[in-house]
Each structure stands twice: as structure tokens, then as C-alpha cells.
Amino acid sequence: MTHTTRFAYITGICLSLFSALAWGQDASPQTAPIQWGVSGGINHYKEPNLMQLKGPEAGLHARLSHWAEMPNAQFEGDVFLGKQKYTSINSGSLNNVTNLETRWRALVPLFSETVTQEGWFSGLAMHTLWNDLRGTTTFQGTTYGGYQRGATQLWLPVRWSSGDMWTIDAGVLIYGRHTSKLSEVNHSYQDITNTQHGGQYAQLSMKLGLSNGDALRPFVRYTHLADSNTVPMGGKNWLEPESDRWQVGAIWEFAAP
């Protein structure tokens with residue numbers, strides 16, 4: 001199973017789980033349907049003094065709240081698919097690099113025992129990332145080969161919501177695994193898996209209600225990951241360097257059925 005197929009499979013399972021949670025108890029009037037949204041924006045990823053990826057992305061978003069079994073909890077999922085331009089100061093550039101990102105969160109109120117959409121929330125989040133850097137680039141007469149990269153991360157999220165307009169999200173990385181399939185570049189190389197323990201993200205969004213009951217949610221998000229551990233291979237120590245990611249866009253959130 002390729003990385004593309006694997007991530008598509010995981011995404012499909014998670015979205016199916018959302019649907020099952022929302023519709024699996026139709027007999028219960030307390031069961032809330034999923035609130036769906038779509039988005040468009042720009043994703044800019046940078047490894048300082050090494051490389052960057054920049055380009056448009058589209059997103060699919062789902063949120064389940066007021067579930068009869070766990071009425072205080074909110075379950076959320078985001079899937080982003082982007083096409084980006086790769087630029088490196090050492091190896092040239094490459095167009096149409098696929099970037100696939102998913103985020104899954106379960107949040108509960110911190111200071112309320114009743115159902116609420118405002119105040120402080122926390123819980124657990126899982127993110128996945130995949131880049132298809134396969135292809136060749138040329139720089140100063142030298143040709144370089146690319147490879148696939150994938151990551152899975154566990155985060156501690158915190159949210160503050162005004163309940164009607166403003167939402168601030170932040171998170172601290174608990175644990176991450178990043179795999180670089182370097183064997184796709186050179187058969188003498190081995191695939192490298194690094195672990196990550198340092199990282200933070202912050203996101204600011206606002207809700208603008210529309211006349212038909214839908215809502216527009218502009219957002220700006222920043223994510224920082226610190227250097228990973230090092231893994232020896234071929235007489236060198238390999239690491240996943242620190243990175244910064246900016247995402248700016250807007251979610252069109254459809255009114256709940």
C-alpha cells in the first residue's frame with residue numbers, strides 16, 4: 001500500500017466514523033448531525049536556510065457536537081489537500097508537490113459541566129502530514145532526486161471561544177514520528193524515522209454569519225516544529241530540521257441540517 005493510498009484510507013475511515021457517530025442513532029432526538037464546511041487558502045511551509053513549500057490548498061471540515069452519548073464533547077476533523085512549489089537553496093525547485101494534512105480533535109469544556117460552546121476547552125488531537133517530493137530537480141548542473149515524507153503527531157490542544165465570533169486555538173506537541181523514504185533517492189540509503197517532541201501551534205479564527213444560516217470563518221494559523229532527534233545512516237546523523245508553517249484561508253461552514 002502506497003503512502004497516498006494509506007493516508008486516503010485513514011482519512012476515509014475517520015470521516016466514516018464521524019458519519020457513524022452522527023447518524024448511527026437516528027431514533028434519538030438528541031443526536032446531532034455533522035456540521036460540514038469547505039475551505040480555500042494558502043499554505044507556506046519553510047525550513048529556515050534550507051527549503052520552502054508554498055501554494056494553494058483546499059479543505060474539508062466536519063464537526064460533531066451535542067452527541068447523545070457525550071453531550072459535552074466536540075469531535076472535529078479537517079482534511080487539507082494542497083499543490084505547492086518546492087524551492088531549495090541547494091537543490092533547485094519542483095512544481096505541483098502534493099501536500100496532504102489531516103487533523104482530528106476531541107475537546108471537552110474545562111470549567112463547565114453543562115453543554116456549552118463558549119469558554120475554555122481541551123482534550124487530545126492527532127495530526128498527519130504527507131508530502132510527495134518525488135521527481136528530479138537541477139541546481140548548478142547537478143540533478144537531485146526527491147522522495148516521500150510522512151508524519152503522525154499527537155498534540156495537547158487548548159481552545160478559547162467567545163461562543164459567537166472569536167476562537168483561539170493553541171497546542172503543544174506531545175510526540176511525533178516523521179518518516180523520510182530516502183531509499184527512493186538512492187537504493188544504498190535506508191528510510192529514516194525521526195521522533196519529535198518540540199512543537200507549538202496557534203490559530204485565530206472568527207465567525208461571520210450569513211443570511212442563509214451558513215457562516216464564513218476566516219483563519220490564520222502558525223505551526224512551529226523543533227529539530228527532531230538524530231538517526232545514524234551511511235556515516236551521517238540525519239534529522240528532521242525545525243520548520244515553520246503559515247496557513248491563511250477561510251472556511252465556508254454550512255448550516256446544520
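Let's start with a pairing in this predicted model: strand E1 (residues 35-47) and strand E16 (residues 243-253) run antiparallel to each other and share 10 bridges. Within that pair, Gly 40 sits opposite Ala 250 of E16.

E1 has another partner, strand E2 (residues 51-67), to which 13 bridges join it, again in the antiparallel sense. Here Ile 42 faces Pro 56 in E2. The hairpin of E1 and E2 leaves 3 residues between the strands, and Asn 49 adopts a positive phi near 65° there.

The residues of E1 fall on two faces. Gln 35, Gly 37, Ser 39, Gly 41, Asn 43, Tyr 45 and Glu 47 make up the covered face, while the uncovered face holds Trp 36, Val 38, Gly 40, Ile 42, His 44 and Lys 46.

Now for the open spaces. The table sets out the volume and the make-up of the lining for two pockets.

| Pocket | Volume | Lining residues by class |
|---|---|---|
| Largest | About 880 Å³ | 14 nonpolar, 10 polar, 4 charged |
| Second largest | About 720 Å³ | 13 nonpolar, 12 polar, 12 charged |

Around the second largest pocket there are 37 lining residues, with Arg 63, Glu 76, Arg 159, Arg 217 and Glu 253 closest to its centre.

The largest pocket is lined by 28 residues, and those nearest its centre are Tyr 86, Ser 91, Tyr 147, Leu 182 and Trp 238. At least two residues of this lining come from each of strand E3 (70-88), strand E7 (142-145), strand E10 (192-196) and strand E15 (236-239).

Conventions
Residues are numbered from 1 along each chain as its sequence is written. This is a predicted model: local features need pLDDT of at least 70, side-chain atom pairs count only at pLDDT 80 or more; totals for chains, interfaces and linings use all residues. Side-chain values use heavy atoms; hydrogens and water are left out. On a 1 Å grid over the protein atoms alone, a cavity is a set of points where a 1.4 Å probe fits but cannot get out, and a pocket is an open set with protein on both sides within 12 Å along at least five of seven lines; lining residues have an atom within 4 Å of a point. Grid points are joined across faces, edges and corners, and a volume is the space filled by probe spheres set on the points. Helices (H or I, at least four residues) and strands (E, at least two) are DSSP runs, numbered from the N terminus. Ala, Val, Leu, Ile, Met, Phe, Trp, Tyr, Cys and Pro count as nonpolar, Asp, Glu, Lys and Arg as charged, and the others, Gly among them, as polar. Buried means under 20% relative accessible area, exposed over 50%, partly exposed in between (1.4 Å probe, protein chains only). Two strands pair if DSSP finds at least two bridges between them.
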